[in-house]
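Colleague: Please pick one part of this model and go through it closely, in connected prose. Give the cut-offs of each term where you use it.

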Amino acid sequence: WPDGTRLDGSDLVIGGVPASRLAAQFGTPCQVLDETTVRTRAREFLKALPEAEVVFAGKSLPCPEVYRWMAAEGLSLDVSSAGELALARAADFPAARIVMHGNVKTGEDLKAALAYGVSRIVVDSFDEIAQLGALARHGQQVVVRVTPGVDAHTHAAIATGVEDQKFGFSLASGAALEAVLRVVEQPSLRLVGLHCHIGSQVRHVAAYEETVRRMVGLIAGCGVRIEQLDLGGGFCAPYLPGESSFDLAGFAHRVRVALNYECAVHRVPVPRVLVEPGRSVVANAGVTLYRVCAVKRGTTRTFVAVDGGMSDNPRPALYGAKYAVRLVGRGGRMAPVTVVGRHCEAGDVLASDVVLPADVHAGDLLAVPATGAYHHALASNYNQVGRPPVVAVHDGTARLVVRRETEEDLLRRYV
Ligand code: LLP
């Protein structure tokens, strides 16, 4: 839950605003985002890693207002397409603090990045190095994405550090070194750093420590001055009661020690570290509100069907993600239920094996916490359902930062 979330009677108060009021004013489903929690998490990164550049992974919650908060807090921003860059531009995000990522950047993506003057472009293939070399004017700063071969022990769909996958240049095969040399050969490009991102929802600090060791080994082997070492993001966030947050202090300490030690051993200057948190900054700031539309008492289970589903939260279907659910406005005897969505698939399950008051019925309001990261970002229009709004709450006030998608919006694309 967002910091400071409390009960007022049986209503849930988020950022000082009762959930019942948010549902009445903005409708459901509705994604509520607590600004204070987002800013607090961002500051925690800056405080834990004062020597590092903290880059918000904009893909986790693409929204100009959120990018503005990050700019104001002093974070940098990672974008991975011309579309995310357009949001950054709408937020007047300083180009000097933007990094562009992606294993595929189309010509349009690269041209948009160059036109806005994003400070660094992370290259991810030999084709891209050649293409960017031809498009860029003199001195475009470039970072090479490396696959360090580290297993972050997370879901296969979001494990990006292991060998044999689409991201980065393999360290083990020598492709990473070759990529460094290719960038150096391009007169229009200036190599400033190496990047890696071992995965998402990573719990173990040891995986980052091992990554630092391998990356410094590469820095020592390349014979070129590497000013920046971007360790990516992936820091886990708690989704269920009892799960812990990422050990940020432990991470900061162990990465610092490993970096200094390895650089001393290899006799290379210590590069500036970058980290790219997304989920750990915004996940716990978000709460999704749904209205119960129907309750079906099946032969073995009770299904509680709501007015959203896999179009606003595909994470259970994609990653087997688990969520907690709370009924707003009433307590009482609890019973196990399965919360399902409105979409035309049996797999459209938001949460199984959760407990809600036994008399849960149509019209009830449900709140699902930990929905700030990769929810608005992954939302779709499946079944032509408009995507929910994002409502920012702060000190007792609520304001729309993304409006609800209407039928008009949906119709606009059809010819
Ligand atoms: N840096 C790079 C290059 C990335 O690709 C990502 C996320 C991040 C940083 C931020 O990772 P975070 O700190 O948020 O874990 N849709 C999936 C997550 C995909 C992550 C994509 N890359 C999910 O909902 O779990």
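Modeller: The centres of domain 1 and domain 2, taken over C-alpha atoms, are 32 Å apart. On the domain 1 side, 23 residues take part in the contact, and on the domain 2 side 20 residues do; two residues are in contact if their C-beta atoms, placed from the backbone, lie within 7 Å. H11, S20 and strand S21 (397-402) each give at least two residues to the side of domain 1 that touches domain 2. S20 gives the most to that side, with four residues. By class, that side of domain 1 has 17 nonpolar residues, five polar and one charged. Here Ala, Val, Leu, Ile, Met, Phe, Trp, Tyr, Cys and Pro count as nonpolar, Asp, Glu, Lys and Arg as charged, and the others, Gly among them, as polar. The assignment behind this gives domain 1 as 6-33 + 283-411 and domain 2 as 35-279, with bounds that come from an automatic or database domain assignment. Helices (H or I, at least four residues) and strands (E, at least two) are DSSP runs, numbered from the N terminus.

The model is predicted: local features need pLDDT of at least 70 and side-chain atom pairs count only at pLDDT 80 or more, while totals for chains, interfaces and linings use all residues. Residues are numbered from 1 along each chain as its sequence is written.

The part to look at closely is the surroundings of the ligand. Its shell draws at least three residues from each of domain 1 and domain 2. There are 23 residues around the ligand, and those that come nearest are Ala-57, Ser-200, Gly-233, Gly-278 and Tyr-374; a residue is near if its C-beta atom, placed from the backbone, lies within 6 Å of the molecule. Two elements, helix H10 (279-282) and helix H11 (315-319), give two or more residues to this shell. Eight of the shell residues are nonpolar, ten are polar and five are charged.

Tyr-374 also appears in a database record. UniProt, in an unreviewed entry, lists Arg-279, Arg-315, Tyr-319, Glu-345 and Tyr-374 under "binding site". These positions span 96 residues of sequence and are spread in space as well, up to 27.3 Å between C-alpha atoms. The UniProt positions are in the numbering used here, with shortened feature names, and the annotations may be inferred rather than shown by experiment. Tyr-374 sits in the loop between strand S19 (365-369) and strand S20 (390-394). Tyr-374 is buried because 26 other C-beta atoms lie within 10 Å; the cut-offs are 20 or more for buried, 12 or fewer for exposed, and partly exposed in between, with C-beta atoms placed from the backbone. Apart from neighbours within four places in sequence, Tyr-374 is in contact with Ser-60, Arg-279 and Arg-315.

Glu-345, from the "binding site" list, belongs to the loop between S17 and S18. Glu-345 has 13 other C-beta atoms within 10 Å, so it is partly exposed. The loop between strand S17 (334-340) and strand S18 (349-357) also holds Cys-344, which the unreviewed UniProt entry lists for "active site". Cys-344 counts as exposed because it has 10 C-beta neighbours inside 10 Å.

A further loop position is Lys-322, between H11 and strand S16 (326-328). Its 15 C-beta neighbours inside 10 Å are why Lys-322 counts as partly exposed. Leaving aside neighbours within four places in sequence, Lys-322 is in contact with Tyr-239, Leu-240 and Ala-351. Lys-322 and Ser-352 are 30 residues apart in sequence and 8.0 Å apart in space, C-alpha to C-alpha.

S20, which bounds the loop of Tyr-374, is joined to S4 by four bridges, the two running parallel. In that pairing the partner of Val-32 is Val-391 in S20. Four bridges also join S4 to strand S14 (residues 286-297), in the antiparallel sense, with Val-32 opposite Val-287. Strands count as paired if DSSP finds at least two bridges between them. Five of the five residues of strand S4 (residues 30-34) are buried, so S4 is largely enclosed by the rest of the structure. Its buried residues cover both faces: Cys-30, Val-32 and Asp-34 lie on one side, and Gln-31 and Leu-33 on the other.
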